[in-house]
Amino acid sequence: MRFLVTIASCLALGVVAISCTSRQGGSGDTASLDGAKIYRDQCVRCHGGKGEGVAGKHDETLHGEKSVEALARLITRTMPEDRDDKTRPEEARAVAEYLHGAFYSPAARARNNPAKVEFARLTNRQYRESVADLIAGFRTVRQAKQGGGLAAEYFSSEGMNKKKAKVLERTDRSVAFDFREGAPEKGITPDQFSIAWNGSLLVPQTGTYEFRVTTPNGARLYFNTDLAAGDNNTRDDSDAKRQASLIDLWVSSGGTVREGSAELFLLGGRSYPLRLDYFKFKEKTASVKLEWKQPHGVWQVIPADALSPERSSMTTVVATQFPADDSSVGYERGTSISKAWHEATTKAAVEVAGELISRLNLLTKTDSKSTNRAAALREFCTSFAERAFRRPLSPDLRTAIVDSHFADGVALETAVKRSLLLVLTSPRFLYPDTPGATDDHSIASRLALALWDSLPDQALREAAAKGEVRTAEQVRLHAARMVKDSRTRAKVGEFFHQWLRFDEAEALSKDRKAYPDFDGAVQADLRKSLEKFVDHVVWSDASDYRQLLQADYLFLNERLAKFYGVTGPKGDDFESVKFDPAQRAGIFTHPFLLAALSYHRSTSPIHRGVFLTRNVFGRFLKPPPMAIEFMDDRFDPSLTMREKVTELTSKPNCMGCHVTINPLGFSLEAYDAVGRFRTTDNKKPVNAVSEYTAVDGTKVKLSGPRDLADLAVNSVDARRGFVRQLFQQTAKQAPAAYGPDTLAQLDQTFASSGQNIRSLVVEVAVTSALHGKPIQVASKP
Amino acid sequence: MKATNRRAFLRQLGISAAALPLIAGLPGLNASSSAKPRQRMIFMFSPNGTVPNHYWPDEAGADYKFKRILAPLEPFRDRTLVIKGLCNKVRGDGDGHMRGMSCLLTGIELFPGNIQGGSDTPAGWASGPSIDQELKQFLQSQPETRTRFGSLELGVAVPNRADPWTRWTYAGPNQPVAPVSDPYQVFEKLYGQMQDRENLGSILDDLRTDLKTVAGKLGREDKALLDKHATFVREMETELRDTARQKLAKPAPVLPPGISADNDDMPRSAAMQMDLLVNAFANDMARIGSLQFTNSVGNARMRWLGIEEGHHGISHDPDLNEPSQEKLLKINVWFAQQLAMLAKKLAETPEPGGSGSMLDHTTIVWTNELGKGNSHTLDNIPFVLVGGGLGFKSGRSLQEKLTPHNRLWLAVAHAFGHRLKTFGSSKLCEAGPLGLS
């Protein structure tokens with residue numbers, strides 16, 4: 001069959017074609033050869049003076065991470081491409097030495113283009129998080145912490161009185177009941193009764209969630225609203241004020257089972273108040289089910305670990321759509337703006353101001369009849385601006401932002417709205433940081449952005465006002481407190497989503513003939529399983545990076561245990577299941593990743609190899625010079641996948657990169673396209689033995705995933721790659737922007753902390769908050 | 001139901017217009033260019049029956065006298081049509097209040113359901129559309145009568161719960177339409193974008209100054225980003241100026257601030273809702289409207305009339321309880337005054353792009369879910385029509401004999417050129433549209 005997936009199969013490791021001809025006599029003495037001169041004489045016409053390339057000749061930039069030796073070997077072997085007599089080794093070495101030091105190596109590039117902290121707007125995530133906290137901060141913030149189910153109250157009803165007598169209080173792990181023609185419990189009238197479920201929904205990750213209520217009876221789902229007097233109504237004909245419900249199925253009509261659904265974008269790391277009111281009145285049967293569909297998930301009854309009996313405060317989630325952030329460098333950053341973005345911020349400002357006006361009485365604890373209304377509203381606008389700008393207002397600024405709008409003849413609400421609009425569209429809110437600023441408020445702001453993608457909380461604001469967010473110790477103390485917040489957990493979760501390519505794995509589905517049982521439920525469980533694994537490692541006491549790579553267990557539920565042919569837990573809940581250490585090693589062998597990095601029917605050693613090269617071993621790969629489609633039907637049908645890939649990438653200019661990619665990918669050939677362990681491929685024994693060449697040229701024999709894991713754990717490059725990626729995603733800047741040694745220092749601190757990921761997050765946040773002032777001591781949160 | 005996000009879910013409640021573009025492309029901001037005279041209709045509801053002795057004129061024909069309840073309509077006598085003898089003959093599930101409410105504009109049975117009234121069997125929603133929604137869909141189906149919203153469903157102190165007592169308009173079977181009781185929400189729906197644009201326009205000078213100040217603290221490269229930002233702000237200002245040139249036929253009403261949608265502010269919120277409705281009609285944003293005072297079994301406490309007890313409670317008192325009858329009378333007079341106020345607002349507004357006043361092109365029908373509160377009868381339900389939107393012969397009192405009210409809705413549909421054979425329960429339509437021309 002033919003795969004319509006165009007694969008990035010030929011990734012150039014820096015140098016592809018250096019047309020460098022040198023005919024300078026036969027001396028073998030490298031020292032006497034002037035590499036710069038050779039380059040100038042022979043290479044410049046195609047490669048340009050600084051390796052930038054020449055249009056029409058060679059437009060690849062010459063940069064990469066090969067050693068001088070490796071470069072020299074490559075030049076000797078391939079340059080010039082169009083002639084049989086290649087460059088002599090000593091000439092190649094001289095040129096390689098020159099260009100490596102002048103512009104090719106990462107160090108040379110960093111020297112030529114020193115990184116600096118880039119001025120940036122809020123990313124979309126930072127915008128949404130900031131607005132949510134900005135608004136929530138005006139009321140008591142309550143976040144539910146513990147899952148376990150919803151608080152339930154069961155009542156017998158009598159006619160219109162739905163809560164005639166409370167019979168039972170308990171915690172229900174989830175809402176999926178079929179009472180048939182009977183009562184839920186003894187002592188409840190079977191023909192008419194009502195149940196109220198109360199609590200919160202714990203939302204782990206940001207995204208679009210769908211909700212569904214199914215019942216032949218009456219039900220209303222209230223979600224993420226303030227409580228109103230009538231929400232806890234006793235009589236169903238009561239006129240008491242109540243909130244609008246998200247799903248209203250109160251009236252059963254026509255005697256059928258009905259379902260109501262709604263879709264909401266929610267921010268992860270937060271809990272949302274939820275209440276489900278339900279009643280039966282003389283219908284033949286009674287049942288009720290509350291389900292959700294998580295991002296990338298399938299419909300399922302909302303599980304107990306996502307429901308809490310604690311009630312939380314509401315969270316404002318901006319609904320305005322923003323154009324996607326630039327993530328071309330591997331992390332989302334706000335270093336560019338567009339007209340569409342400006343329009344979105346304006347629209348969002350209108351949305352948020354409108355939302356605030358509609359809750360103004362609640363937020364200011366006044367109403368139109370209050371005598372202190374005008375003063376309270378000005379005070380509110382001032383606080384709003386100060387929190388949004390992350391610093392106190394100067395008297396002049398207060399006049400411009402707040403007071404000038406409260407003019408005669410302007411309605412108070414209009415004045416508030418204009419002030420809020422000005423704050424929300426101001427560069428002081430939208431561009432959170434002035435590079436180089438060293439005041440406490442700037443440091444506090446950077447810290448909150450790094451850990452939460454949001455605004456400083458009250459404790460941090462107050463400390464900044466007192467001048468106590470200045471030294472590394474002070475900042476680290478706050479960071480250690482803040483890292484425990486569920487918002488950090490959500491942000492770190494997003495880093496792992498990006499690191500482990502969760503989002504590229506949209507289409508996990510496989511050929512149904514080849515993998516008939518690999519259905520949507522298994523795929524959703526796999527995603528959950530990897531999330532649980534990462535969560536378990538990162539938030540355990542040790543928070544040990546090495547565990548990510550070496551653990552010999554997976555989190556499985558009954559469905560996954562069955563699919564992967566092991567004895568495991570019963571039911572939907574996940575438990576850790578130990579494997580033969582030779583068979584499973586951390587993320588490398590997690591079936592989610594193995595399946596995501598596979599084709600529809602077969603494995604893809606290239607995808608697996610590229611992922612390992614870039615994300616795990618932290619090596620630099622340029623995009624392929626040309627895209628080559630992997631077409632399965634072009635190969636001899638008796639070949640194994642390994643044989644096909646070897647054949648496909650055998651050309652010298654492919655091997656520049658595939659010499660690294662292929663061995664890594666081949667070491668995982670013992671796992672099929674859905675991540676099951678296998679011993680044969682295409683009826684031949686699997687060969688997972690390969691030889692990996694490190695950056696410095698040393699060769700390592702890999703005979704499977706355990707070797708791969710050990711290699712990664714012992715690789716400084718791999719660890720630094722991890723630190724760099726975590727840094728970029730956290731600070732939205734390159735580590736070198738904070739000094740050339742930042743990465744090395746952070747890595748040192750990380751290594752000496754027992755490779756504690758949480759400590760690393762703290763150190764990264766501290767570094768970015770202090771703009772690279774030297775790190776003094778390591779700490780554990 | 002399916003709401004796609006919090007905004008969409010609010011929008012389903014008729015609250016927000018945030019999905020529309022902020023700056024450009026306002027649909028139907030200006031009146032449609034149709035040369036044909038406009039026809040409009042408003043359905044007004046009040047609950048708990050009337051006081052028949054003080055409501056119905058004794059006489060039939062053109063020479064009739066208003067009794068106390070309808071007396072506020074005196075200025076519009078020649079444009080008023082009182083129709084006695086119309087009955088809600090829909091039977092089936094639901095108590096009198098429920099059927100009175102949910103069959104009033106639909107003329108069709110309720111589905112069996114789980115909502116239990118004070119008597120009879122429990123019921124669910126109406127099994128067909130209401131006449132206002134039927135007319136809306138008819139008008140929206142033709143380009144020359146299509147408007148931005150088609151219809152507006154407004155309420156006055158309607159409780160925020162959905163059941164057969166609180167809903168009288170239906171887009172179809174099992175599809176109740178929620179009225180909006182908060183005038184500010186209605187304003188937001190009609191003019192929110194305009195208001196937003198005005199507010200945005202008012203802050204642009206400050207924003208430009210702010211951008212300049214902040215940019216002044218930055219290095220050259222970083223400043224470039226804010227310069228680009230300032231360009232976008234300038235472009236937005238130009239666009240705002242261009243859209244500001246679009247003019248409304250009648251400017252948006254100025255609402256007094258701080259009025260609640262609750263019981264005690266009913267007189268004020270009612271007046272605001274009427275202003276908004278008349279204004280929206282003048283700007284041709286809709287041609288059908290409904291104005292629902294409270295709900296079936298509504299229990300308004302009209303303290304502004306010196307009445308502390310709830311309306312529904314009083315309506316159950318026997319005829320011989322004179323103090324209660326007097327209060328009930330006052331309450332119904334107050335509703336008639338609301339009708340007269342609405343008629344007056346229309347009469348005082350010249351028909352945009354047409355002749356006469358807006359009342360000449362609009363018919364208001366005021367009705368009720370019951371004939372009489374203490375008997376819960378669905379016979380002789382109050383129906384009074386004011387205005388010239390339908391071309392009915394007005395200035396008279398009609399006395400029908402136990403006629404299904406479906407026939408009135410048929411006549412209304414025909415007056416709009418919508419020649420339905422039946423509306424609602426077909427067996428109640430056998431005698432055809434009521435002859436009113």
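Q: At what angle do helix α4 (residues 131–140) of chain B and helix α10 (residues 406–415) of chain B pack?
A: In this predicted model, local features need pLDDT of at least 70 and side-chain atom pairs count only at pLDDT 80 or more, while totals for chains, interfaces and linings use all residues. Residues are numbered from 1 along each chain as its sequence is written, with chains lettered from A and ligands numbered from 1 in the order written. The axes of α4(B) and α10(B), helices being DSSP runs of H or I with at least four residues and strands runs of E with at least two, lie 11 Å apart. Between these axes, which are fitted to C-alpha atoms over the stretch in contact, with angles running from 0 to 180 degrees between N-to-C directions, the packing angle is about 20°.

Q: Are α4(B) and α10(B) roughly parallel or roughly antiparallel to each other?
A: Angles under 35 degrees count as roughly parallel, over 145 as roughly antiparallel, 65 to 115 as roughly perpendicular and the rest as oblique. The two helices pack at about 20°, and α4(B) and α10(B) are therefore roughly parallel.

Q: Which residues of α10(B) meet I131(B), E134(B) and L135(B) in α4(B)?
A: Contact here requires C-beta atoms, placed from the backbone, to lie within 7 Å. The partners in α10(B) of these three α4(B) residues are W409(B), V412(B) and A413(B).

Q: Which helix gives the most to the side of chain A that touches chain B?
A: In the contact between the chains, 54 residues of chain A meet 51 residues of chain B. Elements that each supply at least two residues of the chain A side include β9 (258–266), α6 (339–358) and α10 (412–425). With 8 residues, the most is given by α10(A).

Q: Which helix supplies the largest share of the largest nonpolar core?
A: This core has 284 residues, and among those touching the most other members are L447(A), L277(B) and L339(B); such a core is a set of buried Ala, Val, Leu, Ile, Met, Phe, Trp, Tyr and Cys residues joined through C-beta atoms within 7 Å. The largest share, 11 residues, comes from chain B, in helix α9 (residues 322–347).

Q: Is A340(B) buried or exposed?
A: A340(B) is found in helix α9 of chain B and, not counting residues up to four places away in sequence, touches P72(B), L73(B) and F76(B). A residue is buried with 20 or more other C-beta atoms within 10 Å of its own, exposed with 12 or fewer, and partly exposed in between. Because A340(B) has 21 C-beta neighbours inside 10 Å, it counts as buried.

Methods
Contact = placed C-beta atoms within 7 Å.
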